[in-house]
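Subject: The structure for you to look at

Hi,

Here is the structure I said I'd pass on. Have a look around first, and then read on for what turned up.

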Amino acid sequence: MLEQIKAQLPTLSKSERKVAEQILAAPQEAMHSSIATLARAAQVSEPTVNRFCHRMGTRGFPDFKLQLAQGLAKGPNWVSRGVEENDSVERYSQKIFDSALAGLSRVSQQLDMAVIHQAVKALTRANKIAFFGLGASAVVAHDATNKFLRFNLPVIWSEDIVIQRMSCINSGPNDVFVLISHTGRTKNMIELARLARVNASTVLAITSPGSPLAAEATLALTLDVPEDTDIYLPMVSRLAQLTLVDVLATGFTLERGASFRENLKRVKEALRDSRLEKHVQQEINAQQNN
């Protein structure tokens with residue numbers, strides 16, 4: 001239930017948000033409160049509390065408290081949402097794949113195509129692009145760098161916050177910073193957005209809707225993935241970020257036109273020498289099987 005409340009925060013009315021924030025701040029207290037007590041603590045009316053409970057998919061305040069209590073009693077497993085301790089290999093594997101597919105489908109339906117188009121335009125006009133993230137998001141930023149390094153323009157990546165800060169401080173109006181953070185609450189990422197914006201650089205944030213990072217960005221590419229990475233290992237959120245990077249890279253390639261794709265073809269041909277030819281690998285496999 002707490003996860004559900006966090007996921008729906010951006011969609012709540014001002015008064016409903018007060019109820020949500022009061023519950024998130026003190027869930028055990030809310031679980032034992034009367035509707036009048038909770039309403040007073042949140043400084044809203046009792047009908048507002050009831051309306052909030054219905055928004056959470058419950059039949060009213062008593063049912064809401066029951067579901068909240070069940071969630072708190074069970075507690076997080078710190079691994080993955082929906083996975084139970086006694087799940088078999090087949091069971092938890094299926095759950096993870098199902099969750100990934102559902103999450104990607106949800107994100108694809110909610111992406112703002114106008115914002116994607118603006119982001120692609122900004123990237124194609126950039127003199128320099130930087131991809132920054134911390135923790136699990138640093139891996140996504142690194143993957144984005146590997147893709148964009150093939151595109152014949154300066155690309156920066158670092159997971160060192162000092163280097164990230166210096167890059168933003170020394171940025172210019174034609175630079176683009178892609179800042180990646182699922183929660184959008186990482187203080188260093190928010191600071192980087194502010195530093196880059198001071199120099200009139202474009203900041204593209206790949207983050208959650210309604211987050212502080214989204215508010216600081218020039219353009220926010222928001223991914224509404226109901227995965228609380230404060231509790232669980234990042235799984236679906238990371239896949240959604242990687243897929244969005246693929247969307248941006250594809251858009252960049254198409255926007256640059258046919259002549260640019262010829263350059264990309266030359267890069268691919270240059271890399272070919274670093275690999276065994278397919279027929280050679282097939283011969284090696286055949287020899288090993290014999």
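A patch of positive charge sits on the surface, where R150, K265, R272 and R275 gather. Keep in mind that this is a predicted model. To find the patch, you can start from R150, which is in the loop between helix 9 (136-148) and strand 2 (155-157). R150 has a relative accessible area of 30%, so it counts as partly exposed.

There's a nonpolar patch on the surface too. V89, Y92 and I96 make it, and it covers about 230 Å². Y92 belongs to helix 7, which spans residues 89-110. With a relative accessible area of 33%, Y92 is partly exposed.

Now for the strands. Strand 1 covers residues 128-133, and five of its six residues are buried, so you'll find it mostly covered. It pairs with two other strands. With strand 3 (residues 175-180), strand 1 pairs in the parallel sense over six bridges. Strand 1 and strand 2 also run parallel, joined by three bridges. F131 is a handy residue to click on here: its bridge partner in strand 3 is V178, and in strand 2 its bridge partner is W157.

Strand 3 goes on to meet strand 4, with five bridges joining the two in parallel. If you want one spot to check, V176 stands opposite T202 in strand 4.

How many of the six residues of strand 4 are buried? Six of the six are, so strand 4 (residues 202-207) is largely enclosed by the rest of the structure. You can see this on both faces: T202, L204 and I206 are buried on one side, and V203, A205 and T207 are buried on the other.

Next, the salt bridges. The count comes to nine, and here are some to look at.

Take D63 and R59, which form a salt bridge with their closest N and O atoms 3.7 Å apart. Is each partner buried or exposed? D63 has a relative accessible area of 10%, so it is buried. R59, at 70% relative accessibility, counts as exposed.

Another salt bridge brings together the side chains of D246 and K147, at 3.2 Å from N to O. D246 is in helix 13 (residues 236-256) and K147 is in helix 9, so this pair ties together parts that are 99 residues apart in sequence. D246 is partly exposed, with a relative accessible area of 34%, and K147 is partly exposed at 24%.

Then there are E216 and R194, whose side chains meet in a salt bridge of 3.0 Å, N to O. This pair links distant parts of the chain, 22 residues apart: E216 is in helix 12 (residues 212-216) and R194 is in helix 11 (residues 187-198). E216 counts as partly exposed at 22% relative accessibility, and R194 is partly exposed with a relative accessible area of 48%.

Salt bridges can also join up into a network here, as they do among E16, R51 and R55.

While you're in that part of the chain, look at R17 in helix 2 (residues 14-25). R17 counts as partly exposed, at 30% relative accessibility. Its C-alpha atom and that of A42 are separated by 9.1 Å, and the two residues are 25 apart along the chain.

Last, a bit about the backbone. Most residues other than glycine have a negative phi. Q43 is not a glycine, yet its phi is positive, at about 60 degrees. You'll find Q43 in the loop between helix 4 (35-42) and helix 5 (46-55). Q43 is exposed, with a relative accessible area of 65%.

Where does A200 lie? A200 is in the loop between helix 11 and strand 4. Its phi is near 65 degrees, again a positive value in a residue other than glycine. A200 has a relative accessible area of 46%, so it is partly exposed.

That's what I have for now. Happy exploring!

Methods:
Residues numbered from 1 in each chain as written. Predicted model: local features only at pLDDT ≥ 70, side-chain atom pairs only at ≥ 80, totals over all residues. Heavy atoms only, no water. Patch = residues over 30% accessible without salt bridge, like charges linked within 9 Å, V, L, I, M, F, W, Y side chains within 5 Å. Areas by Shrake-Rupley, 256 points an atom, 1.4 Å probe, with all protein chains shown as cover. Salt bridge = Lys/Arg side-chain N within 4 Å of Asp/Glu carboxyl O. Lys, Arg positive; Asp, Glu negative; His and termini not counted. Charge placed at Lys NZ, Arg CZ, Asp CG, Glu CD. Helix = DSSP H or I, 4+ residues; strand = E, 2+ residues; numbered from the N terminus. Buried < 20%, exposed > 50% of the residue type's maximum accessible area, 1.4 Å probe, protein only. Pairing = 2+ DSSP bridges.
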